[in-house]
Amino acid sequence: MVPGAAGWCCLVLWLPACVAAHGFRIHDYLYFQVLSPGDIRYIFTATPAKDFGGIFHTRYEQIHLVPAEPPEACGELSNGFFIQDQIALVERGGCSFLSKTRVVQEHGGRAVIISDNAVDNDSFYVEMIQDSTQRTADIPALFLLGRDGYMIRRSLEQHGLPWAIISIPVNVTSIPTFELLQPPWTFW
C-alpha cells in the first residue's frame, strides 16, 4: 500500500491481496510480458484466482508459456512433458478452474493462465473461485481475457511455435508510461 493525499490508496501490482481504506475489495492484477514472438510483445494483465492456488514467490525472467493440449486441460495432457517446470496456457470451459489448475500442477507446471473461451472478451475479468470438491491447488492460477489468449495462441500458430517466452510477474511501476506496451486490441 502506498500513502496518498486522501489516505491509503491501493497500488495494484502482483501483490496477493489489496483492500482500499473503506474496506471495498479491488481487483488484484498481475502483469506478464510476452518476450517472443515479437508481434505480441506486450504486457498483459491477468487476475489471480480468488480462493485457491498459490502466489508467485519468484520472478521468472524467461519462462515458456505452453498452450495445453487439449486446450481445456480437463484431463491428461498430450503435451504435459512440455508443461513441466513451465507455465500452461489453458482455455476456460469443460471443467472447473480448480480442476484445470490441478491438471497443470500434476503435470509439473509452475503456474496456469486460464484464458476466457469468449475470444471477443477484451474487458471483462471472471472471478475464479474454488469448486465444491474441497480440493486444493498450490500453483498460481490466473485469468486472462479471451481476446488476449486468442491473440497469443494465434501468433504461436502463425509462427509455428510450440510456446511463447514470457516474463512473469512484471512490476509495471518500474516501466516508464511511454514504454508500457499493452495489447492494442484491449481498451481501458
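Colleague: I'm new to this one, so let me start with the helix in the middle of the picture: what covers the buried residues of α2?

Modeller: This is a predicted model, and in it the cover over the buried residues of α2 includes α1, β6, β7 and β8. Seven of the 10 residues of α2 are buried, so the helix is largely enclosed by the rest of the structure.

Colleague: Which residues of α2 are buried, then?

Modeller: They are F97, L98, S99, K100, T101, V103 and V104, so the list holds residues three or four places apart as well as direct neighbours. An α-helix has 3.6 residues a turn, so residues three or four places apart point the same way.

Colleague: And how does α2 sit on the sheet?

Modeller: It may help to describe the sheet before the helix. Seven strands close into a barrel with mixed pairing, and their order is β3-β4-β8-β7-β6-β5-β9. Ignoring direction, neighbouring strands of this sheet are turned by 40 degrees against each other on average. α2 packs on this sheet, where it touches β6, β7 (111-115) and β8 (141-144), and its direction makes about 140 degrees with that of β7.

Colleague: β3 and β9 are at the two ends of that order; how many bridges join them, and do they run parallel or antiparallel?

Modeller: Three bridges join β3, residues 30-36, to β9, residues 164-168, and the two strands run antiparallel. Within that pairing, V34 stands opposite I166 in β9.

Colleague: Stepping back, how many helices and strands does the protein have?

Modeller: The protein has three helices and nine strands, and along the sequence they follow the pattern β-β-β-β-β-α-β-α-β-β-α-β. Of the contacts with a separation of 6 or more, 66% are between residues 24 or more positions apart.

Colleague: How much of the protein is buried?

Modeller: Buried residues make up 45% of the 188 residues, while the accessible surface comes to about 9700 Å², with 55% of it belonging to carbon and sulfur atoms.

Colleague: Which residues have the most contacts inside the largest nonpolar core?

Modeller: That core has 28 residues, and those with the most contacts inside it are F52, I83, V90, F97, V104, V112 and M128. The elements that give two or more residues to this core are β6, α2, β7 and β8, and the largest share, four residues, comes from α2. In soluble globular proteins, nonpolar side chains tend to be buried together.

Colleague: Pick V90 from that list; what is V90 in contact with?

Modeller: Setting aside neighbours within four places in sequence, V90 is in contact with A68, P71, E72, A73, K100, V104, V112, I113, I114 and S115. There is also a second, separate core of 24 residues, which includes Y42, L65, A111 and I152.

Colleague: Changing topic, which cysteines form the disulfide?

Modeller: The structure holds one disulfide, formed by C74 and C95, whose sulfur atoms are 2.2 Å apart. C74 lies in the loop between β5 (60-67) and α1 (80-83), and C95 in the loop between β6 (87-91) and α2 (97-106), so the pair ties together parts that are 21 residues apart in sequence.

Colleague: Is that disulfide left-handed or right-handed, and why?

Modeller: The disulfide is left-handed, because the torsion about the S-S bond of C74 and C95 is about -95 degrees. C74 is partly exposed, with a relative accessible area of 36%, and C95 is also partly exposed, with a value of 25%.

Colleague: Last one: what phi does G108 take just after α2?

Modeller: G108 takes a positive phi there, of about 85 degrees.

Note on methods
Residues numbered from 1 in each chain as written. Predicted model: local features only at pLDDT ≥ 70, side-chain atom pairs only at ≥ 80, totals over all residues. Heavy atoms only, no water. Buried < 20%, exposed > 50% of the residue type's maximum accessible area, 1.4 Å probe, protein only. Contact = heavy atoms within 4.5 Å. Areas by Shrake-Rupley, 256 points an atom, 1.4 Å probe, with all protein chains shown as cover. Disulfide = S-S within 2.5 Å. Pairing = 2+ DSSP bridges. Axes fitted to C-alpha atoms, helices over the stretch in contact; angles between N-to-C directions. Core = buried A, V, L, I, M, F, W, Y, C linked by side-chain atoms within 4.5 Å.
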